Amino acid sequence: MEYEEIVERVKRVVETPVRPIPEVVLQREKEEFYRKHARSLELFEEAKNYIPGGVEHNLATTKPFPLAMDRASGYRMWDVDGNEYVDYLLCGAPIILGHHYEPLDDEVVKVIQEKGPSTGLTSEFEILAARKICEHMPSVERVRFLQSGTEADMAALRIARAWTGRDKVVKVEGSYHGWYDIYVMNLHIPGTGGLNSKGIPAIAYEHLLEVKPNDFEGLERIFEEHGREIACMVLEPVGGESGVHPVHPEWNRRCRELCSEHGSLLIFDEVVTGFRLDMGGAQKYLGIDPDLTVLGKIIAHGYPSAGAVGGKAEIMDICGAGMGNKPYLGGTLAANPITCCACYHAIRLMEETDAVAKATAYADRLVAELNELFSTRPDLPFFLYNFGPIIHYVTTGFFAVDISGPQAMEIFRRKDVAEEYQMVASNRGLNSLAGTRMYTSMQHDDDALRRTVDAWEYILSLIPRS
Ligand SMILES: Cc1ncc(COP(=O)(O)O)c(C=O)c1O
């Protein structure tokens with residue numbers, strides 16, 4: 001779907017009154033949820049004694065309570081009560097070959113059994129993994145491994161500042177670049193300001209310059225006023241929250257031009273898009289080379305301790321080896337053999353299986369089928385769009401509410417209703433992200449598609465026609 005149509009349809013969703021499931025029906029669904037997930041509830045109650053809020057994961061659905069998972073295989077996932085799900089969370093994007101993909105797991109198990117998990121020193125896997133990343137990512141000639149997307153975003157900032165000798169950072173409101181101080185402002189939804197900034201001193205934002213998505217004039221003004229002080233601009237190339245806030249087709253190009261004109265570095269955060277949207281990431285998909293690329297969980301296909309910054313040799317080489325007069329980066333477990341083995345073999349297996357093309361073909365089919373289903377209910381403005389194997393479904397549009405306008409308070413009601421749909425989806429065996437997003441893998445098949453469409457048919461049947 002083209003950008004203009006997405007914007008138009010999101011606007012229609014936000015302008016249409018929200019369509020909740022009637023209270024009596026919802027109550028029945030809630031009872032079913034409690035009945036089906038007794039062990040998850042028990043674990044949640046126990047977790048609250050040791051874990052703040054009883055749940056770690058920001059991606060967990062918490063209403064009515066978070067579900068504890070037991071195992072996963074292919075596109076399927078099972079919770080501790082034995083309920084089966086068609087999984088579209090896929091660990092928040094990195095799973096593309098499918099969960100528990102044996103040819104990959106076998107390689108990692110071999111490392112554990114034959115070599116041990118880590119030594120704190122380099123191994124051949126580090127070089128193999130770095131070479132694979134460089135082979136695929138058009139703008140990447142050198143790679144520095146870290147341990148998470150957040151760390152890689154922090155490192156990219158430090159490298160950009162060291163390279164340019166400047167301090168200021170431009171970022172786009174509503175984007176996510178992990179939880180490092182300067183990035184936690186206007187998080188998830190443009191205009192939310194410091195809503196998530198508890199514990200971060202105001203001084204952390206001294207060098208932050210923010211622009212609303214697609215505000216070309218605002219962006220030009222920022223570069224006009226501060227161009228010589230701007231170290232870098234950081235962005236998610238398909239738009240904030242992996243495209244929840246889609247960008248105008250000319251946006252990335254204009255960002256590239258402005259950075260080049262002012263000697264600032266352009267950083268693409270490809271924690272989700274790298275090796276998912278395309279093996280060469282969004283940069284290949286869009287045909288735009290950033291100066292630095294941030295990678296995260298995606299490079300180890302769900303195995304832990306994954307993150308990396310890549311870029312042109314002349315920039316990245318300032319990181320050098322060892323300690324000294326260079327940007328200081330580190331991580332004892334960074335580039336450990338397990339992560340690097342997983343990275344190398346995951347990329348190799350994705351090449352061999354054409355995993356991205358398969359995951360994309362499935363996403364295209366699912367989007368077409370669900371859009372057709374939604375079109376049978378012209379009283380509902382629901383719709384889906386996708387960037388390859390990254391699908392966004394828009395039902396209540398809570399993320400697009402203009403929170404500086406009179407509708408601001410509606411955001412909570414819209415979020416609640418999206419979560420109610422999500423609870424019913426769970427009862428029907430679907431797992432997705434935040435009530436708005438689905439990632440696909442090469443394992444999703446006709447059966448997964450049928451179960452997904454059936455579940456949505458059921459959800460629609462609970463919303464009275466108007
Ligand atoms: C675009 C983007 N950047 C950075 C991060 C942070 O990565 P991590 O959770 O590994 O710290 C995420 C996490 O989902 C992300 O989606």
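This briefing describes the domains, two sheets and one helix pair of the structure. The model is predicted. The domain assignment of the protein gives domain 1, made of residues 3–82 and 354–462, and domain 2, made of residues 102–353. One sheet has 4 strands, and another has 7 strands.

**Domains and their contact**

- Between the C-alpha centres of domain 1 and domain 2 the distance is 27 Å.
- Domain 1 gives 16 residues to the contact, and domain 2 gives 17 residues.
- On the side of domain 1 that touches domain 2, at least two residues each come from α1 (3–15), α13 (355–375) and β12 (390–394).
- That side of domain 1 consists, by class, of 10 nonpolar, 4 polar and 2 charged residues.

**The helix pair α13 and α15**

- Helix α15 covers residues 446–462 and packs with α13 at an angle of about 25°, the two axes being 10 Å apart.
- Angles under 35 degrees count as roughly parallel, and α13 is therefore roughly parallel to α15.
- The crossing of α13 with α15 is right-handed.
- From α13, the residues Arg365, Leu366, Glu369, Leu370 and Leu373 meet Leu449, Thr452, Val453, Trp456 and Glu457 of α15.
- By class, 6 nonpolar, 1 polar and 3 charged residues make up this contact of α13 with α15.

**The sheet of 4 strands**

- This sheet is open and mixed in its pairing, with the strand order β1-β2-β3-β13.
- Its edges are β1 (69–73) and β13 (430–431); each has a single partner strand, so one side of each has no neighbour in the sheet.
- Strands β2 (residues 76–79) and β3 (residues 84–87) are antiparallel and pair over 3 bridges.
- Met77 is placed opposite Tyr85 of β3.

**The sheet of 7 strands**

- The strand order here is β4-β10-β9-β8-β7-β5-β6, in an open sheet with mixed pairing.
- At the edges are β4 (142–146) and β6 (208–211), each with a single partner strand, so one side of each is left without a neighbour in the sheet.
- On average, and with direction ignored, neighbouring strands of this sheet are turned by 20° against each other.
- Strand β5 (residues 168–172) runs parallel to β6 and is joined to β6 by 4 bridges.
- Val170 has Leu209 in β6 as its bridge partner.
- Helix α5 (residues 124–136) packs on the sheet and touches β4 and β10 (307–311), with its direction at about 125° to that of β4.
- Helix α7 (residues 216–226) also packs on the sheet, touching β5, β6 and β7 (230–235), and its direction makes about 155° with that of β6.

Notes:
Residues numbered from 1 in each chain as written. Predicted model: local features only at pLDDT ≥ 70, side-chain atom pairs only at ≥ 80, totals over all residues. Domains from an automatic or database assignment. Contact = placed C-beta atoms within 7 Å. Nonpolar A, V, L, I, M, F, W, Y, C, P; charged D, E, K, R; others polar. Pairing = 2+ DSSP bridges. Axes fitted to C-alpha atoms, helices over the stretch in contact; angles between N-to-C directions. Parallel < 35°, antiparallel > 145°, perpendicular 65-115°, else oblique. Left-handed = near helix turned anticlockwise from the far one by under 90°.
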